[in-house]
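Visitor: I would like a close look at a single part of this structure. Please take one residue and work outward from there.

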Amino acid sequence: MNRQLGFRAHRGAVATAALLILGVLGSLSSSVYAQSETAEDEPVSDSFTARQFGERQPQTLSFDSERVIVGAEFLNLYTGPGRGYVIDHVVEYGEPLWLLKRRTDWVKVMTRTGKTGWAKIAELDEIYTAEGEQVAIPTPGIDDFYEQSFRMGFTYGDFAGANSMGISLGYRFTGNISAELRAAQTIGAYSDSQTYQVALMHQPFPRWRLSPYFLLGTGINITSPNATIVATEDRKDTAMLAGLGVTTYLSRRFALRAEVANHYLLTSREENQEIVEWKLGFDVFM
């Protein structure tokens, strides 16, 4: 009888211990699940990984740089803006990063330790603000030509019956106003000439894909008659320029141009001279 009672008491103790163990395991499982769910819902900027880096920031930071937090598992930083450069640093998940400038489809960044590097825009698809909002960096497009200040142009056309080849260097001061330095060589049947000019251009609709423009300029025109005619002395005349044209943008780097201009030559002879020039060419933005 006593043995039966002892056996029943032993079974009761074992059952109680098993229930306690199951209760503890259930509690731990609920806690782990709750923590996991919280971590998934929590923005990267508020996670433990983000907080562990603190508020440290580099001392050589420019005033207009933008602070973001890396949300990807890691981010490779290259020594230059191109795949040909090597990876010399890796930024961890949750680490703050400062965006400095963009070059084509690459962004120059600075880490919290002051180290700079280049990240590909395609790999910056998981970066966030301090408030947890995702930051989207626009990829390069054809409209980026508007951000290029310098351009170099090459033209070919007709200068009063002579073949004309020209080169120009332009700089955009504002969205509508730019300036150009121009040089051209013309080869004719009776004379050759060189023109050197500076011109101001006005584009009333600079963001149009097919954008008209107007220009005014001045410079000199040097005419060298061929030796087969009587007058062989070179002439140097002041030239005034007025014209209009249209530019069509093919990409963020290239544009085609068509232009017609009137050159008014102030000569030392009795009559001044007017020359109509038309030309086609292309611009390369730098």
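Visitor: Does threonine 186 count as buried or exposed? Please go on from there to the surroundings.

Guide: This is a predicted model, with positions taken from the prediction. Threonine 186 counts as buried, because its relative accessibility is 3%, where the cut-off for buried is under 20%. The residue belongs to strand β11, which covers residues 177-187.

The side chain of threonine 186 makes a polar contact of 2.3 Å with the side chain of serine 193. Leaving aside residues up to four places away in sequence, threonine 186 touches Phe159, Ala162, Asn163, Ser164, Asp192 and Ser193.

Two of these neighbours, Phe159 and Ala162, return in the largest pocket. That pocket holds about 250 Å³ of space. Its lining has 17 residues, and those nearest the centre are Phe159, Ala160, Ala162, Ser191 and Ile275. The strands β12, β13 (210-225) and β16 each give at least two residues to this lining, and β12 gives the most, with three.

Ala160 needs a separate remark. Most residues other than glycine have a negative phi. Alanine 160 has a positive phi of about 55 degrees, although it is not a glycine. This alanine sits in the loop between β9 (150-159) and β10. Alanine 160 counts as exposed, because its relative accessibility is 54%, whereas threonine 186 is buried at 3%.

Strand β11 also takes part in an enclosed space. The search of the whole structure finds two cavities of 30 Å³ or more, and the largest has a volume of about 100 Å³. Thirteen residues line the largest cavity; Ile167, Arg182, Ala183, Ala184 and Lys279 lie nearest its centre. At least two lining residues come from each of β10 (162-172), β11, β12 (191-202), β15 (254-266) and β16 (273-285).

Next come the nonpolar cores. The largest has 16 residues, and those with the most contacts inside it are Leu75, Leu97, Leu99, Val107, Leu124, Ile127 and Ile137. Two or more of its residues come from each of β1 (66-70), β2 (74-78), β4 (96-103) and β5 (106-111). A second, separate core has six residues, including Ala199, Tyr213, Leu215 and Ala261.

Within the largest core, leucine 75 touches Val70, His89, Val90, Val91, Leu97, Ala119, Glu123 and Leu124, again without residues up to four places away in sequence. Leucine 77 lies in strand β2 and is buried, because its relative accessible area is 1%. With the sequence neighbours left out as before, the contacts of leucine 77 include Val86, Ile87, Val109, Thr111 and Trp118. Leucine 77 and tryptophan 118 are 41 residues apart in sequence, yet 5.2 Å apart in space, C-alpha to C-alpha.

Some totals give the setting. The chain has two helices and 16 strands. Of its 286 residues, 35% count as buried. Among contacts between residues at least 6 apart in sequence, 52% join residues at least 24 apart. The chain exposes about 17,300 Å², and carbon and sulfur atoms supply 58% of that area.

Notes:
Residues numbered from 1 in each chain as written. Predicted model: local features only at pLDDT ≥ 70, side-chain atom pairs only at ≥ 80, totals over all residues. Heavy atoms only, no water. Core = buried A, V, L, I, M, F, W, Y, C linked by side-chain atoms within 4.5 Å. Buried < 20%, exposed > 50% of the residue type's maximum accessible area, 1.4 Å probe, protein only. Helix = DSSP H or I, 4+ residues; strand = E, 2+ residues; numbered from the N terminus. Contact = heavy atoms within 4.5 Å. Polar contact = N/O pair within 3.5 Å; in protein donor to acceptor, adjacent residues only side chain to side chain. Areas by Shrake-Rupley, 256 points an atom, 1.4 Å probe, with all protein chains shown as cover. 1 Å grid on protein atoms, 1.4 Å probe; cavity = no way out; pocket = protein on both sides within 12 Å on 5 of 7 lines; lining within 4 Å. Points joined across faces, edges and corners; volume = space filled by probe spheres on them.
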